[in-house]
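Welcome! Here is a short guided tour for anyone meeting this structure for the first time.

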Amino acid sequence: MTRRHACALLAAFTALIIAVSTGIYLAAREASPRTEARDTSLPSGRTPHKPAAPASTGAWVGSWAAVPSGAEPRTELTGLAGRSIRNVIHTSAGGTAARVTLSNHYGQQPLHITSASVAVAADDDTPEALPETLRPLTFSGARAVTVPPGGQVVSDAVALRVPAAADLLVTTYSPTPAGPVTYHRHARQTSYLATGDHALDPQGLAYTDRSPFWRYVTALDVLNKDARGTIVVIGDSLTDGVTSTPDADRRWTDVLAGRLGDRYGIANAGLSGNQLLTDGVGRPADSPSGLNRFQRDALARPNTRAIVVVLGINDILRDPDGTPDPAAITQGLRTLVSRAHARGIPVVGATLMPFEGHLGYDGVRETARQAVNTEIRAGGVFDAVVDFDKALRDPYAPRRLAGQYDCGDHLHLNDAGYRRMAQTFDLTALETNGTASL
């Protein structure tokens, strides 16, 4: 029996139980008085978990995420009007209900979505859904929703048995021009397009066009009664998994999710080319700095238990004068930690990996990298440290990546390198309340 058929069988036996239990939860939430202060830092539609809520209701955790990376080229005038977009996303933690976040962050026009759905994929690498899992998405009870330029919306919860480590299909349809399209460029996952409204079609026959992007969808949260919370990993292309094998879920965060099981959900906030201190080009910026996007991409995730920071190497590589300031980088990292601590969230930080042999390498930049790593290892920046530099460098040429982990450009990793990152990560760091070195 394949994993997909097992999911289908499980869904058939549990659909009634899911619907009833989630309905009770949602009704109880609406009926019960809310006396706690609302956390206004969370996006609209997301409420913090009540510690006193019955265990059977569970808590919302982030099972998947993708950062809006820019405006899709050649969609400025019409967007993707009249097309169904079926995004294939891969879960970390599973749950008994789901909700989806859709973003029009880079849109210059209102995005009118008239149909949207979520489903479990029938198999790997397919736009076909398991029919019994296909759920229409609603927004405040309505099938249609308008997302303003620069805004986002969160769907209503739907009863759905979401498997862990499985492919889900999130489909949207908009009949009217709404450009440019907000997308995540380096998905490393094939998604699909169809002409016309096929959001509620379980079959994949209409989805004849393939795409390497994720469009509009930026988060999937699940209701889980056992998970301890969400782990957010904020980083650059190394966290984005830009050189991992497409359609294979071999980013280092995917491997980490496998190690964690259902204990935590993983929200990947990797953004290729991202710098800690400096915004990218455009308005809004195609790659807002780590400092500027930390609230949206890390702190605002549901039930965040810990944040992992893997940023800083691009500030060294892309310094316009070629003289990066390591003190400014470490101070920026401390600023992120301070913001997380204000919310009671611990932060695990990573050392910067070597890049000798890369086109941007020189002695000045190497000195800056070493200075940042010295500060990180000294314990005055993060609550805990994962030493990716030590784990992935060549022991005989420590300014270079070990050959078995190098994708070939001497900066990014192959699948073995991403796996090594995840295996190096000490899971006890997620329970830290103080400073430690891993």
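The points below cover strands and salt bridges. Please keep in mind that this is a predicted model. Its strands include 6 that form an open, antiparallel sheet, and the structure holds 17 salt bridges.

**The open sheet**

- To walk across the sheet, follow the order β7-β6-β11-β3-β13-β14, with antiparallel pairing.
- The edges are formed by β7 (135-136) and β14 (209-211), each of which pairs on one side only.
- Strand β14 pairs with β13 (residues 191-195) over 3 bridges, in the antiparallel sense.
- For a spot to look at, find Y192, whose bridge partner in β14 is R210.

**Strands β4 and β10**

- Strand β4 (residues 95-103) and β10 run antiparallel and are joined by 3 bridges.
- A97 has A159 of β10 as its bridge partner.
- In a regular strand, side chains alternate between the two faces of the sheet.
- Strand β10 (residues 158-162) shows this alternation: V158, L160 and V162 point to one face and are buried.
- A159 and R161 point to the other face of β10 and are not buried.

**A salt bridge between exposed residues**

- D226 and K225 meet through their side chains in a salt bridge, with an N to O distance of 3.4 Å.
- D226 counts as exposed because its relative accessibility is 57%, above the 50% cut-off.
- K225 is exposed too, with a relative accessible area of 55%.

**A salt bridge between distant parts of the chain**

- D415 and R250 form a salt bridge in which the closest N and O atoms are 3.1 Å apart.
- This pair links distant parts of the chain, 165 residues apart: D415 lies in helix α9 (residues 415-424), while R250 sits in the loop between α2 (237-240) and α3 (252-260).
- D415 is buried at 14% relative accessibility, whereas R250 is partly exposed, with a relative accessible area of 42%.

**A buried salt bridge and a network**

- Helix α4 (residues 290-299) holds both R293 and D297, which are 4 residues apart, about one turn of the helix.
- R293 and D297 form a salt bridge, their closest N and O atoms being 2.9 Å apart.
- R293 is buried, with a relative accessible area of 1%, and D297 is buried at 2%.
- Elsewhere to look, E366, R369, R377, D387, D389 and R393 are joined into one network by salt bridges that share partners.

Terms used: Residues are numbered from 1 along each chain as its sequence is written. This is a predicted model: local features need pLDDT of at least 70, side-chain atom pairs count only at pLDDT 80 or more; totals for chains, interfaces and linings use all residues. Side-chain values use heavy atoms; hydrogens and water are left out. Two strands pair if DSSP finds at least two bridges between them. Helices (H or I, at least four residues) and strands (E, at least two) are DSSP runs, numbered from the N terminus. Buried means under 20% relative accessible area, exposed over 50%, partly exposed in between (1.4 Å probe, protein chains only). A salt bridge is a side-chain nitrogen of Lys or Arg within 4 Å of a carboxyl oxygen of Asp or Glu.
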